Amino acid sequence: TTAMVKVAFFHPDLGLGGAERLVVDAAVALQEKGNEVVIFTNHHEPDRCFKETADGTLTVFVHGDWIPRHLFGFGHAAFAYLRMVYLAIVVLLSQTFDVIFCDQVSACIPFMRLIASNTKILFYCHFPDMLLTDRKTMAKKLYRSILDYFEEVTTGMAHVIMVNSNFTASTFRSTFKRLNKINPVVVYPSLHFDTFDEDISDSEVKQFMSDLVGQDKKHVFLSINRFERKKNLQLAVQVSALVCATRTKTRTTTSDALMQSRASSALWFSSRLASHDARTCVSLSTFLGPAYTQAKCFTGGV
């Protein structure tokens with residue numbers, strides 16, 4: 001028989017998103033195998049999270065939410081690092097684990113190695129953080145150069161580094177030059193198949209699609225996501241329009257093609273997060289135009 005282990009998940013913000021879904025599914029899977037699983041996070045809202053983290057399925061503890069996320073709108077990354085370092089110190093000074101699953105933020109790994117020297121640390125890299133920001137000013141360049149170096153060095157301190165695809169693995173290798181001897185393990189996001197067990201009839205699906213996009217559109221582009229400006233949903237809509245134009249084998253312009261289709265977006269945003277605000281959601285709707293857009297914005301889960 002396989003020996004059961006005590007596993008701790010560390011995640012910066014246990015809200016609604018792809019990274020959070022991965023953490024929740026991985027935690028549930030390990031727990032269902034008989035392992036002892038606990039999730040630690042800097043922020044968790046029972047009304048803005050996946051149900052497994054609020055209905056008692058998983059044990060969740062919050063530490064460090066009192067630490068600000070930024071200072072007058074600046075330093076989001078630095079404060080995210082600080083919050084996760086605090087979380088790791090507070091937890092590991094009082095508890096021990098066999099395995100730590102650290103997600104997204106690697107800044108806390110040196111402290112994990114120092115305090116929990118006998119614990120194996122897995123780091124899941126969704127994408128190098130240094131590639132997700134700009135450097136338009138000298139001050140920002142200096143600020144990011146320090147954080148970028150810290151991100152690279154601390155990432156390399158994990159016992160095992162996991163990425164979500166071969167694309168991310170290649171990006172990891174081309175970005176983190178100092179870690180050229182490390183080959184990240186590709187671990188695709190898991191699925192909790194029990195959530196798909198509910199039977200839905202074809203008529204229900206057709207009715208849903210009819211209510212959502214109407215019956216007079218030749219093409220449908222459906223996006224269901226945690227809306228964020230850097231995801232560049234506008235580009236996807238433009239590409240969809242060009243595909244529609246190509247398939248009809250006409251010289252239809254982008255705007256004409258969009259008029260023949262409907263872009264339906266189920267968008268979720270939180271006023272607490274600057275990049276997930278209502279203004280961005282409205283700007284996307286303005287970009288798409290009322291003639292072919294059905295944008296639905298939610299302040300909770302989609």
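**Figure 1. Strands β5 and β6 pair in parallel through 4 bridges.** The crossover between these strands passes from β5 through α4 to β6 and is right-handed, a term used when, with the strands pointing away from the viewer, the path from the first strand over the helix to the second runs clockwise. Within the pair, Leu 122 faces Val 160 of β6 as its opposite number. This is a predicted model, in which local features need pLDDT of at least 70 and side-chain atom pairs count only at pLDDT 80 or more, while totals for chains, interfaces and linings use all residues. Residues are numbered from 1 along each chain as its sequence is written, and side-chain values use heavy atoms, with hydrogens and water left out. Helices (H or I, at least four residues) and strands (E, at least two) are DSSP runs, numbered from the N terminus. Two strands pair if DSSP finds at least two bridges between them.

**Figure 2. Seen as a whole, the sheet is open and has 7 strands.** Reading across, the order is β3-β2-β1-β4-β5-β6-β7, with parallel pairing. Which strands are at the edges? They are β3 (59–62) and β7 (185–186), each of which pairs on one side only. As a reminder, strands of a sheet pair through backbone hydrogen bonds, either parallel or antiparallel.

**Figure 3. At the β7 edge, 2 bridges link β6 to β7 in parallel.** Val 163 sits opposite Val 186 of β7. Together with α5, these two strands make a right-handed β-α-β unit. Helix α5 (residues 166–175) lies across β5, β6 (160–163) and β7, and runs at about 125° to β6. Such angles run from 0 to 180 degrees between N-to-C directions, with axes being lines fitted to C-alpha atoms, for helices over the stretch in contact. Contact here means heavy atoms within 4.5 Å.

**Figure 4. Strands β1 and β2 are joined by 6 bridges and run parallel.** β1 covers residues 6–11 and β2 covers residues 36–41. Follow the pair along and you will find Val 7 opposite Val 37 of β2, and His 11 with Thr 41 of β2 as its bridge partner. Thr 41 also has a bridge partner in β3, namely Val 62, and 4 bridges join β2 to β3 in parallel. Why is β2 described as largely enclosed by the rest of the structure? Because 5 of its 6 residues are buried, where buried means under 20% relative accessible area, exposed over 50%, and partly exposed in between (1.4 Å probe, protein chains only).

**Figure 5. Helix α1 lies across β1, β2, β4 and β5.** The helix spans residues 18–32 and runs at about 170° to β1. β1, α1 and β2 form a right-handed β-α-β unit. Glu 20 belongs to this helix and, with a relative accessibility of 8%, counts as buried. Its side chain makes a polar contact of 2.8 Å with the side chain of His 11. A polar contact is a pair of N or O atoms within 3.5 Å; within protein, one must be able to donate a hydrogen and the other to accept it, and residues adjacent in sequence count only if both atoms are side-chain atoms. Setting aside neighbours within four places in sequence, the contacts of Glu 20 include Asp 13, Phe 50 and Gln 104.

**Figure 6. Two loop residues, Phe 72 and Gln 104, have a positive phi although neither is a glycine.** Phe 72 is in the loop between β3 and α2 (76–92), with a phi of about 55°. Is Phe 72 buried or exposed? At 76% relative accessibility, it counts as exposed. Gln 104 is in the loop between β4 and α3 (109–115), and its phi is about 75°. With a relative accessible area of 36%, Gln 104 is partly exposed.

**Figure 7. Thr 154 of helix α4 (residues 138–155) is buried, at 1% relative accessibility.** A polar atom of its side chain lies 3.2 Å from the backbone oxygen of Glu 151. Leaving aside neighbours within four places in sequence, Thr 154 is in contact with Ser 106, Ala 107, Ile 109 and Pro 110.

**Figure 8. Two buried cysteines are Cys 49 and Cys 125.** Cys 49 has 14% relative accessibility, and Cys 125 has 4%. How many disulfides does a search of the whole structure find? It finds 0, with a disulfide being a pair of cysteine sulfur atoms within 2.5 Å.
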